[in-house]
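Let's walk through this one together, starting with a pair of helices and working outward. Keep the 3D view open as you read.

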Amino acid sequence: MATTGSRSSTSSSSPHATEFIQINTIDDAHDAIKSMKIRGAPAIASLAALAFAADLSRALKASADFLASPESVRAYVTPILAHLYTARPTAVNLGAATRRLTAMLDASIAAGKTGEQICADLIAEAHKINDEDKNGGSGTELNLLTVCNTGSLATSGYGTALGLITYLHETGKLGTAYYTQTAPYHQGSRLTALELQTLDIPSVMICDTMVGSLFQHHNIHAVVVGADRVAKNGDTANKIGTYNAAVLAARHNIPFIVVAPISTVDLAVADGSGIPIEHRPPLEACLVRGAVYPPPDGEKSQQAVVMITPPGLKGIYNPSFDVTPAELITAIVTEKGVATRREGEKEFDLSAVV
Ligand code: MRU
């Protein structure tokens, strides 16, 4: 969508033809939205905002009479916003845009601005609504934390949690992807690190013990993890350390999102207590796999396995997975939809999604 001078234009597409339609007036915009010449929740809000801005720009240029006082600006603007809002009722964006413009009107009037200044504020706000949609949502860059490895090295395609992170990066909505090393097998520092580096995604590795510190000192918008099995009630088994991150996320009011294909949901298992947890050989927790450092001059570094415990150590606990209870999970994202818990309920009903 684009605006030139005092006009907005929008494109109407079918599989067979793309047509650009000139929008000159508020009624043109209303008609284009109502008759679905333009559709899509964010797009219709953008067009309404741009048509509104174009109308006010024309009025400013022509020194329209209603600019004489703040209250006459209100009298002119309010019915326009109300009219635009009636074009389509369901999607949240159109109402949000008109309410936002009304709030700007109230704020500018309360600030004692002149009619011209109020109009200029409204035009700027309307353009901001369009720009934010163009740039992808609110313009907020999301900082996320993930655990383990969930990209193309763990799935047959784009990935689950890392797929979401990649998508946010590609659409300009990602700030930084933080990821845990994921001891003791180090899927994070070995595999996720490689995937994020290869995809050129801004990322920061943290040790598993640093999640609490990260939440205390950085603005983390959500934790996103994959899943190895999701029970019918939403209890989720994932790589060891996921539960720790979920508890800390709850402490810090950070949304905790599970991203998993429907095939990961096991309706035959009522809750997490029915998920078998694999315990890996104790020796694995004593070893670190890597490459010899520093690499010998001019040579490719050799793979190495290093023991970090005294040889013959006994008493080692090494579950490979843990279960995050449903009540700590904000949403479970699948290709068939997003499951959330009903207000006040501790469990999901995933049979409704599968
Ligand atoms: O290295 P694994 O096979 O033990 O790791 C399992 C996983 O890949 C993860 O737990 C992951 O989060 C599942 S989602 C692809």
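Which residues in α2 meet which residues in α5? On the α2 side they are P42, A45, S46, A49, L50, F52, A53, L56, S57, A59 and L60, and on the α5 side E116, C119, L122, I123, A126, H127, I129, N130 and D133. "Meet" here means that C-beta atoms, placed from the backbone, lie within 7 Å. By class, this contact has 14 nonpolar, 4 polar and 2 charged residues (Ala, Val, Leu, Ile, Met, Phe, Trp, Tyr, Cys and Pro count as nonpolar, Asp, Glu, Lys and Arg as charged, the others, Gly among them, as polar).

Before going on, some ground rules. This is a predicted model, where local features need pLDDT of at least 70, side-chain atom pairs count only at pLDDT 80 or more, and totals for chains, interfaces and linings use all residues. Residues are numbered from 1 along each chain as its sequence is written. Helices (H or I, at least four residues) and strands (E, at least two) are DSSP runs, numbered from the N terminus; the chain has 9 helices and 16 strands.

Back to the helices. The axes of α2 (residues 41–61) and α5 come within 8 Å and cross at roughly 155° (axes are lines fitted to C-alpha atoms, for helices over the stretch in contact, with angles from 0 to 180 degrees between N-to-C directions). That makes α2 roughly antiparallel to α5, a term for angles over 145 degrees.

Now look at α3 (residues 70–85), which packs with α5 (residues 115–134) at about 40°, their axes 8 Å apart. That makes α3 oblique to α5 (not under 35, not over 145 and not 65 to 115 degrees). In this pair, P70, S72, V73 and V77 of α3 meet G115, I118, C119 and L122 of α5. That contact has 6 nonpolar, 2 polar and no charged residues.

What about the interior? Of the chain's 354 residues, 36% count as buried, with 20 or more other C-beta atoms within 10 Å of their own. The largest nonpolar core (buried Ala, Val, Leu, Ile, Met, Phe, Trp, Tyr and Cys joined through C-beta atoms within 7 Å) has 45 residues, of which I165, V223, V224, V230, A245, F256 and V258 touch the most other members. Apart from it lies another core of 33 residues, including I44, L47, A53 and L84.

For contrast, try T209, in the loop between β6 (203–206) and α8 (211–217). T209 counts as exposed because it has 12 C-beta neighbours inside 10 Å, and exposed means 12 or fewer.

Note on methods: Contact = placed C-beta atoms within 7 Å.
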